[in-house]
Amino acid sequence: SNAALGEFIVTAKPSVSADQLRRIYAAFGVSEIRDLGRNRFLLRLQHDPGLDRVSSTGFESGQIEAVQPNYVYRTR
């Protein structure tokens, strides 16, 4: 399994909206935000700055609890 380039699973604090996420990550060019439920969102970025930058940007905003790469699992 490997991480999809520019894709992250973001766990936001309750009541954080997709629009707020779009603003938080605007510098990286948000191409898609998909609500996965339970405050989790799939974030697709045009410019992948790496997990550390995405995490620190989210934590600095005070709106994000966790960030992880979106791993793509291929079944044989």
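Okay, a definition to start: two strands pair if DSSP finds at least two bridges between them. Helices (H or I, at least four residues) and strands (E, at least two) are themselves DSSP runs, numbered from the N terminus.

Housekeeping next. This is a predicted model, where local features need pLDDT of at least 70 and side-chain atom pairs count only at pLDDT 80 or more, while totals for chains, interfaces and linings use all residues. Residues are numbered from 1 along each chain as its sequence is written, and side-chain values use heavy atoms, with hydrogens and water left out.

So, the hairpin. S2 and S3 make it, with two residues between them, and arginine 38 in that turn has a positive phi of about 50 degrees. The two strands run antiparallel and are joined by six bridges. If you want to find the register on screen, isoleucine 33 has leucine 43 as its bridge partner in S3, and arginine 34 has leucine 42.

S3 also pairs with S1: that's five bridges, again antiparallel. Valine 10 is the one to look for there, standing opposite phenylalanine 41 in S3.

Let's walk along S1 a bit. Glutamate 7 is found in that strand. Is glutamate 7 buried or exposed? It counts as buried, because its relative accessibility is 13%, and the cut-offs are under 20% relative accessible area for buried, over 50% for exposed, and partly exposed in between, using a 1.4 Å probe and protein chains only. So what does the side chain of glutamate 7 make a polar contact with? The side chain of asparagine 70, at 2.6 Å. By polar contact I mean a pair of N or O atoms within 3.5 Å; within protein, one must be able to donate a hydrogen and the other to accept it, and residues adjacent in sequence count only if both atoms are side-chain atoms. Skipping residues up to four places away in sequence, glutamate 7 touches Leu42, Leu43, Arg44, Pro69 and Asn70, where contact means heavy atoms within 4.5 Å.

Threonine 11 sits in S1 too. At 19% relative accessibility, threonine 11 counts as buried. Leaving aside neighbours within four places, its contacts are Asn39, Arg40, Ile64, Glu65 and Ala66.

Over in S2 there's another glutamate, number 32. This one counts as partly exposed, because its relative accessibility is 23%. Its side chain makes a polar contact with the side chain of arginine 34, at 2.9 Å. Outside four places in sequence, glutamate 32 is in contact with Leu42, Leu43 and Arg44.

Now the core. The largest nonpolar core has 16 residues, and those with the most contacts inside it are Val10, Leu21, Tyr25, Leu43, Leu45, Ile64 and Val67. The elements giving two or more residues to this core are S1 (2–12), H1 (18–24), S2 (30–37), S3 (40–45) and S4 (64–72). For the record, a nonpolar core is a set of buried Ala, Val, Leu, Ile, Met, Phe, Trp, Tyr and Cys residues joined through side-chain atoms within 4.5 Å.

Zoom in on leucine 45. Beyond four places in sequence, leucine 45 touches Gly6, Phe8, Tyr25, Phe28, Gly29, Val30, Ser31 and Val54. Tyrosine 25 and phenylalanine 28 are both buried. How many aromatic pairs are there? The count comes to one. Tyrosine 25 and phenylalanine 28 form a tilted pair, 6.4 Å centre to centre with 35 degrees between the planes. The rule is that rings of Phe, Tyr and Trp (its six-membered ring) pair if their centres lie within 6.5 Å, with planes under 30 degrees apart called stacked, over 60 edge-to-face, and the rest tilted.

Last stop, helix H2, residues 51–61. Val54, Ser55, Thr57 and Gly58 are buried in it. Those buried residues line one face of the helix, because seen down the axis they fall within an arc of 165 degrees, taking the directions from the helix axis to the C-beta atoms. On the other side, Asp52 and Glu60 are exposed. Covering the buried residues of H2 are elements including S1, H1, S3 and S4. Glycine 62 follows the helix, with a positive phi near 80 degrees.
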